[in-house]
Structures are given as structure tokens and as C-alpha cells.
Amino acid sequence: MIPSVQLGLFFLLVLGIIVLPGLDMAYVLGSSLMGGRRSGLAAVGGIMAGGVCHVVMATLGISVVLQLWPGAFNAVLWVGAAYVAWIGYAIWRSDGTFLPTAAAERHSRWVIFRRGAMTCLLNPKAYLFMLAVFPQFMRRGNGPLWLQAVVLGIVIALTQLAVYGLLACTAGGAQGWLAARPAYSRAVGRIVGALLMVMAVVTMSEGVRRLL
């Protein structure tokens, strides 16, 4: 089993990365402001699902392939940024209204969950973390590698839930107020959409710098 001191250090590293503003955080914030706590938590669930996939891929060595082949890494970076930019543009163009029926809300939350998973899966920084940090905390003397990967994956998921869940609940509290004020709702939609597009541009610029 992984020593507690080692787990504590891993948690601090994960926490430090998650609290930094990025594509995942921007998506959770946008989903919470536009759809309320439930939509925000659906986004969190999608990002957590994407995180589980990152752990599996890192364990299988896919992250190493992406890093050793810069073209593949840049492709993931640009596709991910373009995907987030597309979501931001869709929000920016929306009228800021909210879905009224329960069936529509359930459908919307499922879409938000899927988009959250894709946002996380296409986040290039996650691949760098899984390559540079994740393997450093796996030792053959600490038991089966798959079990260590599960433990570290749980730490990542719980940290995502705590940080992004708090953000979703905090930002989602403003959704009811916004729903009653269409003008403010549209303004927030413009701001959230612009924020996502700006984050996407910043991510794309990182890919350009890697080529220079």
C-alpha cells in the first residue's frame, strides 16, 4: 500500500493543479451560472469521469506516447481548445434562457456531463500531469501497480469533487436570481461564453509556443 506521507504529497500536488484556473474550472463555472447547481454538478461528474479515463490511459502508457510524439500532443491540445471554444461560442450566442421542463433539464444535464468528460479528456495539461507526476508515486514495493493506480485515481476524483463541487454549489446559487432577470442572464451568458473562448485561445497559444 502507498505510504500515507506519499499520498499526502500526491494530494497536495493534485490540489495545487486543480485549483489553478483552466479549461475544466471554466466549464464548471459556466455550467453552474447558466444551469444552476445541478448542471454544475453534472459538469463536475463529467470531469471526474474524464479523470478516471486519464488514470486508465496513464496506467496503460498512452500519456507517454502522446508526450514522445509532439505532433499527437499538439493535436490533443488544439482539438481540446477548439472544443471548449465551440462550447463558449454556443453559450455566448444563446439568449440566456433556462430550460423549463424536467425532461429537458435531465437531457441538458446529460449533455453537460458528456461535455465535461470531453473537456477533461481533451485537456492537454492533464496528460502532462499523468506523465510527469502520476508515475512517480507508483512503486513496485507498494503492492500491485493497478491497485496503486486505483488509490491515486480516488485521490484525484475526490479532490476534483471537493474543489469543483464547491465551485458548482457556490456559482449555482446565483442561477435562480439570474433566471428571474433575463437581461442579467443574457449578460452572464456573454461573459461565460467569452471566458471559455479566452481560455481556449490561451491553451492554443501554448501549442503555438511548443512549435517555436
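Helix axes are lines fitted to C-alpha atoms over the stretch in contact, and the angles between them run from 0 to 180 degrees between N-to-C directions. In this predicted model, the axes of helix H2, residues 23-35, and helix H3, residues 37-60, come within 6 Å and cross at roughly 155 degrees. Angles over 145 degrees count as roughly antiparallel, and H2 and H3 are therefore roughly antiparallel to each other. The crossing of H2 and H3 is right-handed. On the H2 side the contact is made by Asp24, Tyr27, Val28, Ser31, Ser32 and Gly35, and on the H3 side by Arg37, Ser39, Gly40, Ala43, Val44 and Ile47. These contact residues divide into five nonpolar, five polar and two charged.

One residue of this contact, serine 39, lies in helix H3. Serine 39 counts as buried because its relative accessibility is 7%, the limit being under 20%. Apart from neighbours within four places in sequence, serine 39 is in contact with Ser31, Arg109 and Ile112.

From the helix pair we turn to the nonpolar interior. The largest nonpolar core has 44 residues, and those with the most contacts inside it are Phe10, Phe134, Ile156 and Tyr164. Two or more residues are given to this core by each of H1 (4-18), H2, H3, H5 (70-93), H6 (102-121), H7 (124-132), H8 (145-172) and H10 (182-211), with the largest share, 10 residues, coming from H8. Phenylalanine 134, when its neighbours within four places in sequence are left aside, is in contact with Phe10, Val55, Ala58, Thr59, Phe129, Ala149, Leu152 and Ile156.

Note on methods: Residues numbered from 1 in each chain as written. Predicted model: local features only at pLDDT ≥ 70, side-chain atom pairs only at ≥ 80, totals over all residues. Heavy atoms only, no water. Helix = DSSP H or I, 4+ residues; strand = E, 2+ residues; numbered from the N terminus. Parallel < 35°, antiparallel > 145°, perpendicular 65-115°, else oblique. Left-handed = near helix turned anticlockwise from the far one by under 90°. Contact = heavy atoms within 4.5 Å. Nonpolar A, V, L, I, M, F, W, Y, C, P; charged D, E, K, R; others polar. Core = buried A, V, L, I, M, F, W, Y, C linked by side-chain atoms within 4.5 Å. Buried < 20%, exposed > 50% of the residue type's maximum accessible area, 1.4 Å probe, protein only.
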